Number of protein chains: 2
Amino acid sequence: MFYGIIGTGAIGGYYGAKLARAGKDVHFLLHSDYEQVATNGLQVDSVAGSFTLPAVNAYRRAADMPPCDVVLVGLKTVNQHLLPTLLPPLLKPDTLVVLIQNGVGVEAAVQQMFPHVQLAAGLAFICVAKNRPGVVEHLDKGSIDIGNYSCRDAARMAHLMADLTDAGIEAREVEYHEARWRKAVWNMPFNGLSVALRATTDALLADEASHGLVRALMLEVIGAARALGVEALTPELADRMIAYTLAMKPYSPSMKLDFDYHRPMEIEFLYTRPIALARQAGFDMPRLSMLEAQLRFEEGRTLKTP
Amino acid sequence: MFYGIIGTGAIGGYYGAKLARAGKDVHFLLHSDYEQVATNGLQVDSVAGSFTLPAVNAYRRAADMPPCDVVLVGLKTVNQHLLPTLLPPLLKPDTLVVLIQNGVGVEAAVQQMFPHVQLAAGLAFICVAKNRPGVVEHLDKGSIDIGNYSCRDAARMAHLMADLTDAGIEAREVEYHEARWRKAVWNMPFNGLSVALRATTDALLADEASHGLVRALMLEVIGAARALGVEALTPELADRMIAYTLAMKPYSPSMKLDFDYHRPMEIEFLYTRPIALARQAGFDMPRLSMLEAQLRFEEGRTLKTP
């Protein structure tokens with residue numbers, strides 16, 4: 001199988017590098033990191049064992065890449081408008097595209113762009129960052145949930161799952177909506193609050209008031225999911241997610257890094273779309289709507305700051 | 001009538017100075033500003049005409065003050081525990097105590113301390129600040145609503161209203177609950193959001209997202225008031241309050257100044273108590289509960305910072 005990685009940031013870089021290290025045929029599309037990676041390879045500084053891939057298949061332009069059997073998309077969703085340019089050169093009729101991206105409603109939006117492509121969601125439970133070109137810092141966790149959105153080819157999906165496992169990645173296939181919303185139960189509270197309160201996950205959980213707020217936000221997401229028919233998510237998941245996060249190293253979610261570096265934040269797919277979906281199902285998300293408004297305000301100001 | 005001013009900050013200083021300038025017999029309790037005011041008097045830099053009172057009745061200790069007919073309390077509610085010490089020396093059997101303080105539930109708490117004292121609420125619609133000892137800066141507006149809580153003496157109340165008007169203060173007597181909640185419709189959104197988003201009133205209303213959030217928070221307060229029987233407050237009040245604020249000069253509400261100077265914030269009476277009262281009436285305030293939690297988190301951090 002040929003693997004293509006679009007968006008070789010922290011997430012795309014980590015999973016792509018793990019697959020490549022396990023001997024899979026992986027092709028990386030790079031942007032700002034191209035020179036570094038083409039010359040010196042890709043480095044993963046990992047709590048689970050650091051490694052370097054001295055020679056990787058690095059590309060500056062998607063048009064130069066081979067058609068792939070599986071494409072992992074690690075782009076930020078704020079760059080979703082680039083997909084109609086970046087994705088077509090990698091597509092074969094049966095290519096499976098895995099969107100390892102944050103949010104809810106991502107697959108529906110990409111399916112509109114590419115009505116016939118096979119799509120799956122990749123939900124990464126991982127603490128990872130890229131602060132230097134060509135160096136992925138893996139801080140904690142590392143599992144990935146895969147949810148089938150429109151893959152008709154069971155063998156392709158099975159092959160992907162086997163390759164991930166083979167690469168030492170804890171991977172499991174989960175029901176699509178459950179996968180997206182389960183991740184949202186973590187993402188929606190922690191990404192937004194880390195920006196609104198300028199705090200890492202540990203600080204948010206150490207304070208009684210913000211701890212209670214995290215929990216209230218999680219319950220709101222679980223309520224939305226259940227209103228949309230995802231009954232596998234029950235209220236006790238909030239406590240499990242909090243326990244999971246307490247066991248993590250102090251972490252700045254990706255939205256906090258975007259905010260700190262004055263980059264656009266993934267407000268649209270992390271907040272606006274799930275809130276709209278829930279509202280269509282008659283479920284109001286007042287706290288998360290408030291957080292969305294706060295983030296829009298913060299982004300409007302921070303993007304103007306050099 | 002003898003007037004006593006407890007808490008000669010921006011609010012107590014402004015209304016006390018206006019009364020004194022009009023020839024009323026006003027006695028000021030001062031703390032950090034005592035030396036300055038006793039020596040140089042009280043200065044009001046005002047958009048409506050600046051003036052100085054070269055000699056004022058200034059006191060360092062409440063025990064030295066005369067019994068008063070009306071006491072205006074301009075203390076921050078975070079200092080409410082000082083009232084059992086500060087208030088008794090000023091009290092006669094028929095003294096009317098006017099609490100010009102922020103929040104909901106203030107009178108109930110003070111009545112518990114002083115079961116027989118006559119109480120009224122003073123709701124100041126004014127932009128005022130005190131950044132230097134002995135100098136009150138009056139930036140905009142200036143009216144005051146008085147709501148009778150437990151005053152049995154109609155003549156005393158009428159006298160107060162006449163004196164305020166005589167002193168050039170736009171004053172009107174309004175129903176108590178309506179007065180407290182009407183002010184809360186402005187205070188609860190703007191005080192908290194100015195801290196949470198580090199923004200002045202104009203910035204909060206210039207951005208589409210935060211403008212919508214201000215409005216949503218106002219509607220939540222109006223909903224709570226109505227659930228508690230204050231039916232004079234109708235949803236269109238939100239639009240009128242926003243129009244009123246748009247016409248104001250850019251303003252940092254008092255809670256923002258407290259936050260900036262690492263002082264305790266008036267979270268208890270501005271958020272915790274009204275939210276609890278509404279909940280008892282079966283009305284949930286999810287957005288304002290969230291704002292309360294954010295403020296508790298911010299305060300926990302800022303009070304630790306020197």
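**Exercise 1. Compare the two annotated domains of chain A in this predicted model.**

Let's start with the record: UniProt, in an unreviewed entry, places the feature "domain: Ketopantoate reductase N-terminal" at residues 4-149 of chain A.

Step 1. Look at the secondary structure there. Over residues 4-149 of chain A, 21% of the chain is helix and 38% is strand. The C-alpha atoms at the two ends of this stretch lie 19 Å apart.

Step 2. Move on to the second feature. The unreviewed UniProt entry puts "domain: Ketopantoate reductase C-terminal" at residues 178-296 of chain A.

Step 3. Repeat the tally. Residues 178-296 of chain A are 74% helix and 0% strand, with 27 Å between the end C-alpha atoms.

**Exercise 2. Work out how chain B and chain A are related by symmetry.**

Step 1. Superpose the copies. Chain B falls on chain A after a rotation of 180° with a shift of 0.1 Å along the axis, and the RMSD is 0.0 Å.

Step 2. Interpret the operation. The two copies are therefore related as by a two-fold rotation axis.

Step 3. Find the axis in the chain. Arg287(B) has the C-alpha nearest the axis in chain B, at 2.7 Å from it.

Step 4. Check the surfaces. Of the interface residues of chain B, 100% are also interface residues in chain A, so the copies meet through the same surface.

**Exercise 3. Describe the interface between chain B and chain A: how much area is buried, and which residues of chain B lose the most?**

Step 1. Count the participants, taking contact as heavy atoms within 4.5 Å. On that basis, 22 residues of chain B are in contact with 22 residues of chain A.

Step 2. Take the area. About 1,900 Å² is buried between the chains, and carbon and sulfur atoms give 68% of it. In chain B, the residues losing the most area to chain A are Leu197(B), Met290(B) and Phe297(B), which together make up 34% of what that side buries.

Step 3. Search for specific pairs. The rule finds zero salt bridges across this interface, but it does find four residue pairs in polar contact, both residues at pLDDT 80 or more.

Step 4. Assign the contacts to helices. On the side of chain B that touches chain A, α7 (201-206), α8 (208-227) and α12 (286-302) each supply at least two residues. The helix that gives the most is α12(B), with ten residues.

Step 5. Sort by residue class. The side of chain B that touches chain A divides into 13 nonpolar, two polar and seven charged residues.

How values were computed: Residues are numbered from 1 along each chain as its sequence is written. Chains are lettered from A and ligands numbered from 1 in the order in which they are written. This is a predicted model: local features need pLDDT of at least 70, side-chain atom pairs count only at pLDDT 80 or more; totals for chains, interfaces and linings use all residues. Side-chain values use heavy atoms; hydrogens and water are left out. Contact means heavy atoms within 4.5 Å. Buried area is the accessible area (1.4 Å probe) that two parts lose on being put together, summed over both. A salt bridge is a side-chain nitrogen of Lys or Arg within 4 Å of a carboxyl oxygen of Asp or Glu. A polar contact is a pair of N or O atoms within 3.5 Å; within protein, one must be able to donate a hydrogen and the other to accept it, and residues adjacent in sequence count only if both atoms are side-chain atoms. Helices (H or I, at least four residues) and strands (E, at least two) are DSSP runs, numbered from the N terminus. Ala, Val, Leu, Ile, Met, Phe, Trp, Tyr, Cys and Pro count as nonpolar, Asp, Glu, Lys and Arg as charged, and the others, Gly among them, as polar. UniProt positions are given in the numbering used here, feature names are shortened, and annotations may be inferred rather than shown by experiment. Copies are superposed by least squares on the C-alpha atoms of residues with pLDDT of at least 70 in both.
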